[in-house]
Amino acid sequence: MKPLAQWRYTGGPCFGLQQRALIGELEVGPADTHRLRRIEAGLRQRFTAPVAEGAPPAAGGAQAHCAWLFAFAHGAVQRESRVAVSERFHVRALKPLAPGTARFEVALPAPELDAAKIALNWVRETFAQLAARAEDADQADAAREAIHERLRHFARPGLNTFNILMAAHRADIPVQHVTRTLMLLGTGARARAMESTITDATPFIGVSLAQHKDVTAMVLRNAGLPGGVNVPVASADDAADAAARLGYPVVVKPADRDQGVGVSADLRDAAAVREAYAVAREASPNVLVERWAPGFTHRLTVFEGRVIRIARRVAGGVFGDGHSTVAELVERAQQDEAHQRSRRRLGRTLLTLDDEALGLLRQNGLAASHVPRAGEYVRLRRRDNVSAGGSNEPVRLDAAHPDNLHLAIDAAALLGLDFAGVDLIIEDIARSWFDIGALVCEVNAQPQMGDRSEPGIYERVLRDLVGEDCRIPARLAVCPDDEARSRGLVEDAVRARRGAGISSREGLWIGGRRATRPFELGIEAATALLRRKDVASATCFMTLAELARYGLPTDRWDDIDFSAVAGERGELLARVEKMVAAHRAMNTAAVREEIS
């Protein structure tokens, strides 16, 4: 199996894809089909995503299946490295070049060109290796880590950004990138802006308040809600004095860091507080000592005035079975898939009987030889984040007491946040905080959500955010290369559609008013038009040559008009019409292919 000739890159979608595309040809020989099962098995070792999902129909034959796997693997290896590549691709059979071989036209989503090139070479080399020999798990792990190291530099910052982009592709919501982190979901006046989970409705003041845990706590306490009681400190001695005044146990943490960075909890003496101060001070110059609260941290995600998700955080530790020691339980936990995945990714094991774990055991009068009773939880980490060996367990919304749900909603509303992660420490989420006590230890203005533990959560949020119709009416007018004729078509359109937005290389017109300078390319002008919030409908002019070279400005059109170029060059016109026909045929399924 080998790529043929020179592959080309488009500046916009084509062949039904949702992103820029890498387009070329692929030749599949008879030897490739004989080793198809070995290739499939090797890919399953490399990817967490199901390889067989969306495979082509049996009628396509083994050679078509090989081409499909090639296209799938190209996107999958990038997604495993958090490069947000859409799951759609295009594969179409062409006339073979030699007897016994098959040739395919392939269009691969490629939001990052350099990443797409790396992935293309990796797939070609990997298929050749897998066809030649089978691999064991260790070889697959080493190969996976090597390619991830090369691709991770192309991922957009933040796990939220990756999950939002992938959710938008699955929900068929068009994405326009304004910067590396700021994106528009939808087009024109119907688009919504997001940067991670901060939306265009999130107030700056709310974000600013949430960035400072002491300020958040004060706002909550002044409103009669259970905010933390804390003291800012400037030295290890200050921290020990503050702990003595507050009363042990205490928490030492940075005032302005998220994700549990620098946090040490359940500290019970001055020596532990001084040590924890050094840890927190390394993360931030702004350190707090706070009165500790018993219980598990529950992240209640609030979106537009309702709780949409609850996750219970369990700090790194073990649950007893009644006959195994703590040491044996830790050794067993290190072998589960989650810990193995973390070890492969980070190069270390998160849960071990290190100084921190042994110190917590001693603090609670235990040792590594202790045999916990069945179901007994033994905590081995002072902070409960996944990055410290903890886990997130989804909790059903109806399992939480209504008072606790209202508490989270009120906390988000006090800061004016449309999207918030409220961290509630409570021993039993099913009981009211009025009855058993609780502490809101943090309100995060940029919450992450567990896509792995709760599949579909991002899609549901995006659909609520943008609504069912996130695209403005859009018409693509294909115009001739002749500038005078094209200018006349644009002028006619401006007069006929005075209320619409119109784009061409000459510039943008909004409601009959010229609004911009000229653009070098029609696709750049169209992209600029579709980003404008003052545009309720759009007509975009592009030439045949531009469409053939750069693709389309967005992934769906209400009308594509070829009437102005009906007499143009036949080969170029046919090529563009083929790209558009495949585009029109594409529906919202995750993956589609054309094998003909």
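Two strands count as paired when DSSP finds at least two bridges between them. With that in hand, a good place to start in this predicted model is strand β14, which covers residues 306–314. Ala311 stands opposite Pro394, a residue of β17. Strand β17 runs from 391 to 395, and 5 bridges join β14 to β17 in an antiparallel arrangement.

Strand β14 has another partner to look at. Over 7 bridges, β14 also pairs with β13 (residues 296–303), again in the antiparallel sense. Here His298 has Arg312 of β14 as its bridge partner. The hairpin made by β13 and β14 leaves 2 residues between the strands, and Glu304 takes a positive phi there, near 50°. As for how β14 sits in the protein, the strand is mostly covered, with 7 of its 9 residues buried.

Now for the chain as a whole. The protein chain has 596 residues, and 52% of them count as buried. Its secondary structure comes to 20 helices and 25 strands. Measuring along the principal axes, the C-alpha trace spans about 85 × 65 × 40 Å. Contacts across the sequence are worth a look too: of those between residues at least 6 apart in sequence, 69% join residues at least 24 apart.

Next come the nonpolar cores. In soluble globular proteins, nonpolar side chains tend to be buried together. The largest nonpolar core of this model holds 43 residues, and the members that touch the most others are Leu43, Phe47, Phe104 and Phe127. Helices and strands both chip in: two or more residues each come from β2 (21–28), α2 (36–46), α3 (61–80), β3 (90–94), β4 (102–109), α4 (113–132) and α5 (137–151). The top contributor to this core is α3, with 11 residues. Phe47 gives a feel for the packing: leaving aside residues up to four places away in sequence, Phe47 touches Phe72, Ala73, Ala76, Val77, Glu80, Trp122 and Arg144. Apart from the largest core lies another one, made of 30 residues, including Leu508, Leu521, Ile523 and Leu529.

Further along the chain there is an open sheet. Six strands build it, in the order β23-β22-β21-β24-β20-β25, and the pairing is mixed. At the edges stand β23 (513–514) and β25 (559–561); each has a single partner strand, so one side of each is left without a neighbour in the sheet. The partnership of β25 with β20 (residues 474–479) is parallel and runs over 3 bridges. Within this pair, Ala477 has Asp561 of β25 as its bridge partner.

Finally, there is some enclosed empty space. The structure holds 3 cavities of 30 Å³ or more, and the largest cavity contains about 90 Å³ of space. Its lining is made up of 13 residues, and those nearest the centre are Val83, Ala84, Pro111, Arg156 and Leu165. Sorted by class, that lining has 7 nonpolar, 3 polar and 3 charged residues. Helix α6 (residues 159–170) gives the most to the lining of the largest cavity, with 3 residues.

Key
Residues numbered from 1 in each chain as written. Predicted model: local features only at pLDDT ≥ 70, side-chain atom pairs only at ≥ 80, totals over all residues. Heavy atoms only, no water. Core = buried A, V, L, I, M, F, W, Y, C linked by side-chain atoms within 4.5 Å. Buried < 20%, exposed > 50% of the residue type's maximum accessible area, 1.4 Å probe, protein only. Helix = DSSP H or I, 4+ residues; strand = E, 2+ residues; numbered from the N terminus. Contact = heavy atoms within 4.5 Å. 1 Å grid on protein atoms, 1.4 Å probe; cavity = no way out; pocket = protein on both sides within 12 Å on 5 of 7 lines; lining within 4 Å. Points joined across faces, edges and corners; volume = space filled by probe spheres on them. Nonpolar A, V, L, I, M, F, W, Y, C, P; charged D, E, K, R; others polar.
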